[in-house]
Amino acid sequence: LMLVGALLATVAFALTLAPAAPRARAATGGWTAEYFNNMTLTGAPVLVREEGPYLDFYRDGVEPGPGVDIEQFSARWTRADNYVEGTYRVSAAGDDGIRVYVDGAQVIDAWFDQEITTYTADVPLSAGTHSVRVEYYNNLDKVAASVWIESQAAPASATAVPVAEATTPPTVAALRRLTGP
């Protein structure tokens with residue numbers, strides 16, 4: 001078990017992979033998802049839906065949802081959660097483009113065609129509610145992305161996360177297994 005002192009927003013797109021530090025399940029609900037039949041997040045979304053506290057999203061030859069193209073689509077996920085004051089590591093892995101914003105400020109920018117690659121940024125947050133927005137596009141081939149946010153220090157008032165509620169973020173090696181050597 002790991003002590004976690006904040007609600008941690010997590011996006012994990014169909015990647016239950018190598019062990020790492022557990023994260024608390026966000027208690028405030030899931031992500032609001034918008035899907036677009038283009039790679040630029042423009043125009044009206046063709047699908048809007050509420051998704052779970054973790055976005056398990058890996059598609060290979062299967063449409064992301066009703067009316068969404070299999071290739072050359074984009075998605076935007078948003079949510080707001082309460083955090084305790086501290087520094088949080090924001091990690092994102094994507095194949096193809098992925099961007100992450102915290103309170104409207106871009107903290108990860110990898111908006112280009114790529115094999116699965118992982119990026120991180122350390123973000124200081126004050127106590128209170130903060131918004132997280134993830135933008136993603138798929139050009140061709142595999143559809144995979146993952147974003148997770150972890151506290152870098154557990155304050156004295158932290159509570160234990162039961163193993164049954166813990167998940168693991170993907171590792172670069174595990175992500176590469178999805179795409180081959």
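Which residue in β6 does Glu34 stand opposite? Glu34 faces Arg76. That pair is a good way into this predicted model.

**Overall layout**

The protein has one helix and 13 strands. Starting at the N terminus, the order is β-β-β-β-β-β-β-β-β-β-β-β-β-α. The strands therefore come before the helix in that order. Of the 181 residues, 44% are buried. The protein exposes about 8000 Å². Carbon and sulfur atoms supply 54% of that area. Among contacts with a separation of 6 or more, 73% join residues 24 or more positions apart.

**Strand β6 and its partners**

Strand β6 covers residues 73–83. Eight of its 11 residues are buried, so β6 is largely enclosed by the rest of the structure. It pairs with β3 in the antiparallel sense, over five bridges. It also pairs with β11 in the antiparallel sense, over 11 bridges. Arg76 takes part in both pairings: Glu34 stands opposite Arg76, and in β11 the bridge partner of Arg76 is Glu135.

**Salt bridges**

Side chains of opposite charge can pair when their charged atoms come close. The structure holds seven salt bridges. Three of them are listed here, with the distance between N and O atoms.

| Pair | N to O distance |
|---|---|
| Arg76 and Glu34 | 3.2 Å |
| Asp81 and Arg79 | 2.6 Å |
| Glu135 and Arg133 | 3.1 Å |

Take Arg76 and Glu34, which form a salt bridge. Arg76 lies in strand β6 and Glu34 in strand β3, so the pair ties together parts that are 42 residues apart in sequence. Arg76 has 18% relative accessibility, so it counts as buried. The cut-off for buried is under 20%.

Next come Asp81 and Arg79, which also form a salt bridge. Both residues are buried.

The salt bridge between Glu135 and Arg133 joins side chains with unlike cover. Glu135 is buried, with a relative accessible area of 6%. Arg133 is partly exposed, with a relative accessible area of 25%. Salt bridges that share partners join Glu34, Arg76, Arg99, Arg133 and Glu135 into one network.

**The nonpolar core**

How many residues does the largest nonpolar core have? The count is 28. Tyr35, Trp77, Val100 and Val134 have the most contacts inside this core. Several strands supply at least two core residues each, including β3 (31–36), β6 (73–83), β8 (97–102) and β11 (128–138). Strands β7 (86–95), β9 (105–110), β10 (117–125) and β12 (143–151) do so too.

Val100 shows what such a core residue touches. Leaving out residues up to four places away in sequence, its contacts include Val90, Ala92, Ala105, Val107 and Ile108. Val132, Val134 and Val147 also touch Val100. So do Gln106 and Arg133. Arg133 thus appears twice in this account: it touches Val100, and it belongs to the salt-bridge network.

**Asp109 in strand β9**

Is Asp109 buried, partly exposed or exposed? At 47% relative accessibility, Asp109 counts as partly exposed. It lies in strand β9. Apart from neighbours within four places in sequence, Asp109 is in contact with Ile98 and Arg99. Arg99 is also one of the residues in the salt-bridge network. Asp109 and Tyr119 are 10 residues apart in sequence. In space they are 8.6 Å apart, C-alpha to C-alpha.

Terms used:
Residues numbered from 1 in each chain as written. Predicted model: local features only at pLDDT ≥ 70, side-chain atom pairs only at ≥ 80, totals over all residues. Heavy atoms only, no water. Core = buried A, V, L, I, M, F, W, Y, C linked by side-chain atoms within 4.5 Å. Buried < 20%, exposed > 50% of the residue type's maximum accessible area, 1.4 Å probe, protein only. Helix = DSSP H or I, 4+ residues; strand = E, 2+ residues; numbered from the N terminus. Contact = heavy atoms within 4.5 Å. Areas by Shrake-Rupley, 256 points an atom, 1.4 Å probe, with all protein chains shown as cover. Salt bridge = Lys/Arg side-chain N within 4 Å of Asp/Glu carboxyl O. Pairing = 2+ DSSP bridges.
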